[in-house]
Amino acid sequence: MEAWIWDVIRIVIVSLIGAAIMFLLQPWLYQNGIIPLNDVEPEAWVGDNYIIGAVTVFSVSIIAVILWYVIAAKAKVQSAKETSSMAILWWVFLLLPIISICAAIYFFNQSNDALLSVTGFFVFDILFLYWFSTAISSPRSLMFVVPGAFFLRNLFGLR
Amino acid sequence: MTLYIIAIGGTGARCVEAITQCAAAGLFTEEPIKVVFVDADESNGNLSRTSETIKTYQECYELTKNNAQIPWMQTPIELLSFWSPFSNSTNKTLGSFLNYNSYKNSHPALGHLFDVLYTKDERETPLDVGFRGRPAIGSAIISQVNFDETEQEPWTTLIKLIRADLGTGKSVHIFLCGSIFGGTGASGFPTIGRLLVNKLSRLEGRDRLKIGGLLMLPYFAFLVPNEQDNNEVYARADQFLLNTESALRYYVNEAQSTFDAVYMLGNQNPSNVKFSIGKNSQCNEPHFIELYAALAAKHFLLDAASGEPGKVILMGRNSPRRITWKDLPDSEEVKQKLVNTTRFAFAWMANLVPELAYASKVGVKGFQKQAPWFSSFFRPVQGLFGIIGSRDMQSLPEFNDGTEQAAIETIKKWCNSYLRWLNKLHFSGDNIELFRPEMFTGGEGKISAENFAGLVFEDSRDKDKRSQDTIQVLKEKLDAKTLGQAGTVGLAKSLYLQCKP
């Protein structure tokens, strides 16, 4: 099977796992009081605030992953030196999910108690959705450009 | 099946240069080619360049041998020796070599005959620059070779090797090549051919021995500079056709008893070369006809044995001033192998050499992240978490190891030699429409990787396929596991495999 098909499969799997974490596990932690929220009603906050923020962060992260993959696949990188500019592009795309976290927290978070935990969750989510999926699923010529990709790919035997 | 090549004169040496480059492209077999050079001019530029080409080939062959899966560099080429009729003699004029003065006194009649056959200038001109385009001088000197004298090297060794090959049941092909129109080739070819046949006819297993010859008819010419002394003895291009005509008359009868197969190659549009009497300055650039010479040697080795005696095969090109792939014998195989090798040499020089130099500059740790193929062939730096990584990686060779660096240089040297030869033969006069040599003019650092897809004439691929044919795409497919070999040599072989058209 072509390498890009495996990449797409991995991106889909990571996205599904990410979605499960963001839309099932993390709300569950709030709804069951494992992470206590005293200034808001957890059930209502999850429905009215968290989910909207999570959808924003999730969507932007997925868009960033797709954008990175398409641009990286179309890039005509002739030499190792030319991968440096693509590495910069990867960092630029990382800004999108980071901005989405800021927007989600600024517009959709009504709880001071949840601020720290939800920020932490969203940071973890974008790391998982954007960094992890691009680290294990980037086009072959740029497969090690993502920070930590060399280690991760070797760890999972994805060469 | 061993191929012995006896290359006579400068043209013979140039034919061997082409044979060496074609052998690198896998056009011969895995059986050895052994070469003997015959030239009175030991410092002949053509000979020096061919010797250098063989040396470069041998260095690369030693690195890459045991190529079961790819044809590149599959033929061992051995340079047996160089022979000059003046090797053991300080007498380097015709007169002194044949004891003219002594004959003149002891046998005046012979002395007078000598005077009739050779002018005073011909008798007294030093011949260490070659036979100056005079076959009559060369024949008299070369015929002095005696295969029965044990001290006559390299002939003794040559005969021993042939005898040993025949003794082990192998078949042996001896291929003589030289020009018919100059001095050394024209005189050495029939003389050595005849002497060899006489000697070898007494060997056991003679039926497994084939002798072939390649005669190069005039294919270049030169203008003699005005300042050149008219009375001096030197080759004259205006005599080439006359020399050829006389020689061909001789071969009509003589060749059949000496050779199992004779090839003749010529070009009606002679290319202009620089005038030279001999020595280093006699170094003509490769010519496309020499590619045909190499293909003649290939045909003799692989196909001529099955030919009918007395059968004459003629081939020519379709257009008078143009050479295309279709004009080459076995064009499909030749095109496939030459294209494969050229794409490899081009990709190595245009991309891999600069990339590996950059790797040395930035270090393995930085480079391995920028070039994914790298860690398939060389041991990566794995940092703190290295212990978790694959154990296979630990067995890979170190990029900075002296052996690996030397291998990069050796392959680079061979690629340069091959591309230079290929480039020059495209500028040998006619329109040679095989490759686009302007794309690899200039050598290292001056060839652009972007030209990769457009190297070959008569490329039938559509625009889409051509646009996807980049060195980058090839590099993405490089994998040491494909051929089971890592390091520089594994990288080169893997690239060669991917360069298959």
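Among contacts in chain A between residues at least 6 apart in sequence, what share join residues at least 24 apart? The figure is 70%, where a contact means heavy atoms within 4.5 Å. Before going further, a word on the ground rules. This is a predicted model, in which local features need pLDDT of at least 70 and side-chain atom pairs count only at pLDDT 80 or more, while totals for chains, interfaces and linings use all residues. Residues are numbered from 1 along each chain as its sequence is written, chains are lettered from A and ligands numbered from 1 in the order in which they are written, and side-chain values use heavy atoms, with hydrogens and water left out.

Let's start with chain A. Its secondary structure amounts to five helices and zero strands, so reading from the N terminus you meet α-α-α-α-α. (Helices, H or I with at least four residues, and strands, E with at least two, are DSSP runs numbered from the N terminus.) The C-alpha trace of chain A spans about 55 × 25 × 20 Å along its principal axes. Of the 159 residues in chain A, 50% count as buried; that word means under 20% relative accessible area, with exposed being over 50% and partly exposed in between, using a 1.4 Å probe and protein chains only.

The outside of chain A comes next. Its accessible surface is about 7,800 Å², and carbon and sulfur atoms account for 73% of that. Such areas come from the Shrake-Rupley method with a 1.4 Å probe, and for residues only the protein chains shown count as cover. As for charge, chain A carries 7 positive and 9 negative side chains, and the centres of the two sets sit 29 Å apart. Here Lys and Arg count as positive and Asp and Glu as negative, with His and the chain ends not counted; each charge is placed at NZ of Lys, CZ of Arg, CG of Asp or CD of Glu.

For a close-up, find Ser100(A) in helix α3 (residues 83–108) of chain A. Is Ser100(A) buried or exposed? It counts as buried, because its relative accessibility is 3%. Apart from neighbours within four places in sequence, Ser100(A) is in contact with Thr56(A), Val57(A) and Val60(A).

Now follow chain A to its last helix, α5 (residues 149–156), where Ala149(A), Phe150(A), Leu152(A), Arg153(A) and Asn154(A) are buried. The cover over the buried residues of α5(A) includes α1 (3–31) and α4 (112–136) of chain A, along with α13 (364–370) and α14 (374–377) of chain B. After α5(A) comes Gly157(A), with a positive phi near 70 degrees.

That brings us to the meeting of the two chains. Chain A puts 17 residues into the contact and chain B puts in 21 residues. Between them, about 1,800 Å² is buried, with 57% given by carbon and sulfur atoms; buried area is the accessible area (1.4 Å probe) that two parts lose on being put together, summed over both. Gln78(A), Arg140(A) and Phe150(A) supply 34% of what chain A buries against chain B, more than any other three residues. How many salt bridges cross this interface? The rule finds zero between chain A and chain B, a salt bridge being a side-chain nitrogen of Lys or Arg within 4 Å of a carboxyl oxygen of Asp or Glu.

Over all chains, though, the search finds 23 salt bridges. Side chains of opposite charge can pair when their charged atoms come close. Take Glu290(B) and Arg14(B), which meet at 2.8 Å, N to O. Glu290(B) lies in helix α11 (residues 288–302) and Arg14(B) in helix α1 (residues 9–24) of chain B, so this pair ties together parts 276 residues apart in sequence. Both partners are buried: Glu290(B) has a relative accessible area of 0%, and Arg14(B) is at 2%.

A second pair in chain B is Arg343(B) and Asp469(B), whose side chains form a salt bridge at 2.7 Å, N to O. Arg343(B) belongs to helix α12 (residues 331–362), while Asp469(B) is in the loop between α16 (463–468) and α17 (471–476), 126 residues apart. Arg343(B) is buried at 6% relative accessibility, and Asp469(B) is buried at 8%.
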